[in-house]
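User: I'd like to learn how to read aromatic contacts and helices in a model like this one. Can you walk me through it?

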Amino acid sequence: MRSTRREEILTHAAKLFSERGIAATTVRDIADEVGILSGSLYHYFESKDAMAHEIVVRFLEDLNIRYEDSIEPGGSARDRLASMVEVSFNTALDHPYATEVYQGEAILSSQPSDAPITVAVQKAQAYWRTAIASGIADGEFREDIDPEQFHRLMRESVWSTVAQYRSQLAELAPELQRNLILVFLDGFARRGDGSTALARVKVKTDDVDVAPPVGEVAELRSDVDELKSVIRDLSTAIRDLQAEQRG
């Protein structure tokens, strides 16, 4: 059983790291937040970097367990990706600030290939890639959008949305999940004739699956070229944001 004090330290450290960055956060800052002497922190962690690594690894390991548990044998690739979006938001809610710490810190995203963070990240990404590849192979998804680009855009959009709406995440999570699913998966689906498809979007309301308004979804499929442009702009914005945070 983990020490209650240890958990308290990690909680405060995660918040400070996400707000200030690891480099700008001192051990004394963390100790002051917890209400203990700086030297006492070293009874629990070797360094603040050790704290950051544990925050991120715990988050990623829990995320991967939930991704695995969300897989329904025989389910569609679209439903699997939709479930992964929901799982991602729920995990982010249970691990406040961990994804922001990882995304904003180059030191954590540039680990050796056998480092726990690297292994966990690769495993998480494999769930997305497998679902996408399955959808393309089964003719459920389009073939004219590069699957790796789509994977990165959708995954990064999920985590960027989590970070942007962190203060309102508990309240807005269902709406944000639904919008991400509508934009990405309806734009990625295909009709039987090989053109852009309109897939049914499932939104859970009191445990009942309902479809979104027809007019709203029709709007999303009206201009595929515009959607591609939005995706390209989003990719550029994400790269610029990450470069700025790491600079």
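Analyst: Sure. Keep in mind that this is a predicted model. Let's start with F150, which has 3% relative accessibility and so counts as buried, the cut-off being under 20%.

User: And is F184 buried or exposed?

Analyst: F184 counts as buried, because its relative accessibility is 5%.

User: How do I describe two rings that meet?

Analyst: A pair of aromatic rings is described by the distance of the centres and the angle of the planes. For F150 and F184, the centres are 6.0 Å apart and the planes sit at 70°, so the pair is edge-to-face. F150 belongs to helix α9 and F184 to helix α10 (residues 169-188), so this pair ties together parts 34 residues apart in sequence.

User: How many aromatic pairs does a search of the whole structure find?

Analyst: The search turns up 4 aromatic pairs. Take Y67 and W128: their ring centres are 6.1 Å apart with the planes at 85°, so this pair is edge-to-face. Distant parts of the chain are linked here, since Y67 is in helix α4 (residues 48-70) and W128 in helix α8, 61 residues apart.

User: Are Y67 and W128 buried or exposed?

Analyst: Y67 counts as buried because its relative accessibility is 1%, and W128 counts as buried because its value is 0%. Ring pairs also bring in Y127, giving a cluster of Y67, Y127 and W128.

User: What about a charge over a ring? Which residue lies over the face of Y97?

Analyst: That's R166, at 5.5 Å from the ring centre of Y97.

User: Back to α8. How do I check its length against what it should span?

Analyst: Use 1.5 Å a residue, times one less than the number of residues. Helix α8 has 22 residues (116-137), so it should span 32 Å; the end C-alpha atoms are 31 Å apart, which agrees.

User: Which residues of α8 are buried?

Analyst: Y127 and W128 are among them, along with others including I117, V121, A124, I132 and I136.

User: What follows the helix, and where is D138?

Analyst: α8 is followed by G139, which has a positive phi, near 80°. D138 is in the loop between α8 and α9 (147-164). At 59% relative accessibility, D138 counts as exposed, because the cut-off is over 50%. Its C-alpha atom is 8.7 Å from that of A77, a residue 61 positions away along the chain.

Definitions and conventions
Residues numbered from 1 in each chain as written. Predicted model: local features only at pLDDT ≥ 70, side-chain atom pairs only at ≥ 80, totals over all residues. Heavy atoms only, no water. Helix = DSSP H or I, 4+ residues; strand = E, 2+ residues; numbered from the N terminus. Buried < 20%, exposed > 50% of the residue type's maximum accessible area, 1.4 Å probe, protein only. Phe/Tyr/Trp six-rings, centres within 6.5 Å; stacked < 30°, edge-to-face > 60°. Lys NZ or Arg CZ within 6 Å of the ring centre and 35° of its normal.
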